[in-house]
Amino acid sequence: MRSRLTEFERRIRRSRVIDLGAGYPDVRLPRALAEALERASVEVAKWPFTPSVARGEAATDYLITELLNLLRLPASLHAATLVTFSGSVALDRAITVSAHLHDHWLIVSPVFDVIPSLIAEQPWVRPTYINPFTANGAWDLGRLVAYIRESRPKVMIMVSPSNPLGASLSVLELQTLMTSCRDAGTLLVLDQCLYALNPFEIHIPLLPSLDIEGLSWILTWDTAKTFGLNDEKLGFIFASSDLAPKLRESLDIIQIDVSARSKLLFAELFRAARLTDYPKYLSDLVARNWHTCRSLSSVGVHVSTPQAGSFALLDVTELGLSAPQAQEIFMSSAEVGMVDAGEFYFWDPLREPWVARARDSLCRIALAREAATIEDALERIRVVAAEIAG
Ligand SMILES: Cc1ncc(COP(=O)(O)O)c(C=O)c1O
C-alpha cells in the first residue's frame, strides 16, 4: 500500500514552491523553545556514548511528566503512557494490538490516510468506513451512535480534531461516544494529535480527561503537528489499564526504546512550551492566517470554517475544477503546493453517494505557516484563480 498523500507532500517539498502541503508547522520556533533545545543539546553532548540505564529512566520519567503537564492530563496516567518514534508508530501499535483482540471495525472517515493503510496490513480485520458529517462538515453524532448501537463494532477509530476537516468533538459528544462504545463493548481508539491547535479557543476535551468506567480506550498524540521540527519527532500512546501492558509488549517488538537524548530534548521543549504557552502562540497564528484566507472567496475559492486544528479546505467547485486538477494547476502556475482532501475520504459510495461531492472538490492547505508566507501564497492563488474564472 502506498500513501499518495505522502508522495505528493514529498513532491511539494522537492519543488521550489510555497509548501502548504505538509501538515507539520513550518514556523520559526519562539526564542524560549529554541533556547530550551539548545540547552538540552549542550547537556546531552556531555553524556557518554551509551547513556546509563538510570539516565534513560530519568529521561523517560521527565519526558512523561512534562508531557502530562503540557496536555494538562492527570499524573495518574504516567504508568499508562508509552513513548514511540512517531505518531504513525503509535497508531501502528494501537492497530496491531486491537487486531489481536477483534475483527469487526468501524472507521470514521475522512481519516488520515495512513490509518486505512495500516488496517489493510491486518489480514483478519473487516473495516467499515462511515462518514458521520453533514454536507457542511458538522458532526452527525446521532448517526454514528445509532451505527455503534446497531452493528456493535469491536473497535472504532477516529481522529478529533479531525484532519482535514478540523471538526472537534465537544465534551458532550465525546462523552456520548465513550458511553456508546462502553455499552456496545467497542474499543475506542482516538487520535488527538491536533489537540493543541485551538485557533478559535473552543473547549477541546482529551479522551482521558473524561472518566467513563468500564471503557477500553487508546489515545495517540505526537509532537509533529504541534512543533514541526519535521524529522525530529516522537509519538505517544495512552491507554486504559486493561490495554497498557499489551501495548507495552507490542512496542517491545519494534523498538527497544526511544533514545534518551530525544527524550531529554522533547522534555525541555514541552516544559518551555508550557511555560510560554506556545500552543496559544501557534493557534493565534493559525487563526490569523485563516482570516487572511477568507478573502479568496472574491475569486470563487471558498474557505472552510474549521473548529480546530491547523488546516483549511479550499472548495474549488466554482472554478469548474476538481480538487486534483486545482492541486496541479496551483502547483504549476501559482507555485503553491497543497494536497487533495479526497485522499482522506474512505467510504462506501453506495451507502453514502453525497460524500463524493465533498471528496472531489476540496483541497487542504496548512495554516501553521508564517503570516507572510500565507499572504504570498494567497496572492499567487488569487491571480491564477482570477485567470481561470476569466
Ligand atoms: C491525524 C494524524 N495522525 C497521525 C499522524 C502521524 O504523525 P507522524 O508524523 O508523527 O508519524 C499524522 C501525520 O500527518 C496525522 O495527520
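Is the crossing of α2 and α10 left-handed or right-handed? Right-handed, as it turns out. Keep in mind that this is a predicted model. Here are my notes, starting with that helix pair.

1. Helix α2 (residues 31-45) packs on α10 at an angle of about 155 degrees, and the two axes are 9 Å apart. An angle over 145 degrees counts as roughly antiparallel, so that is the label α2 and α10 get.

2. If you want to click through the residues of this contact, α2 brings A32, L33, A36, L37, R39, A40, S41, E43 and V44. From α10 you'll find R261, L264, L265, E268, L269, R271, A272, A273 and T276. Sorted by class, the contact of α2 with α10 has 11 nonpolar, 2 polar and 5 charged residues.

3. Now take helix α3 (residues 53-70), whose axis comes within 8 Å of the axis of helix α10 (residues 260-276), with a crossing of roughly 30 degrees. Angles under 35 degrees count as roughly parallel, so α3 and α10 fall into that group. The crossing of α3 past α10 is left-handed.

4. On the α3 side of that contact sit R55, G56, A59, T60, Y62, L63, E66, L67, N69 and L70. Their partners in α10 are A260, K263, L264, F266, A267, F270, R271, A273 and R274. The split for the contact of α3 with α10 is 11 nonpolar, 3 polar and 5 charged residues.

5. On to the ligand. Which residues are closest to the ligand? Look at S86, G87, S88, F112 and D222, out of 14 residues that surround the ligand. Helix α4 (residues 87-101) supplies the largest share of this shell, with 3 residues. By class, the shell around the ligand has 5 nonpolar, 6 polar and 3 charged residues.

6. Zooming out, the domain assignment splits the protein into domain 1 (4-30 + 278-389) and domain 2 (31-275). Domain 1 is thus listed as two stretches of sequence, 4-30 and 278-389. The C-alpha centres of the two domains lie 25 Å apart.

7. How many residues of domain 1 are in contact with domain 2? There are 35 of them, and they meet 39 residues of domain 2. On the domain 1 side, the elements giving two or more residues are α11 (278-293), β10 (311-315) and α13 (355-361). The largest share, 7 residues, comes from α11. That side of domain 1 divides into 24 nonpolar, 6 polar and 5 charged residues.

Notes: Residues numbered from 1 in each chain as written. Predicted model: local features only at pLDDT ≥ 70, side-chain atom pairs only at ≥ 80, totals over all residues. Domains from an automatic or database assignment. Contact = placed C-beta atoms within 7 Å. Helix = DSSP H or I, 4+ residues; strand = E, 2+ residues; numbered from the N terminus. Nonpolar A, V, L, I, M, F, W, Y, C, P; charged D, E, K, R; others polar. Near = placed C-beta within 6 Å. Axes fitted to C-alpha atoms, helices over the stretch in contact; angles between N-to-C directions. Parallel < 35°, antiparallel > 145°, perpendicular 65-115°, else oblique. Left-handed = near helix turned anticlockwise from the far one by under 90°.
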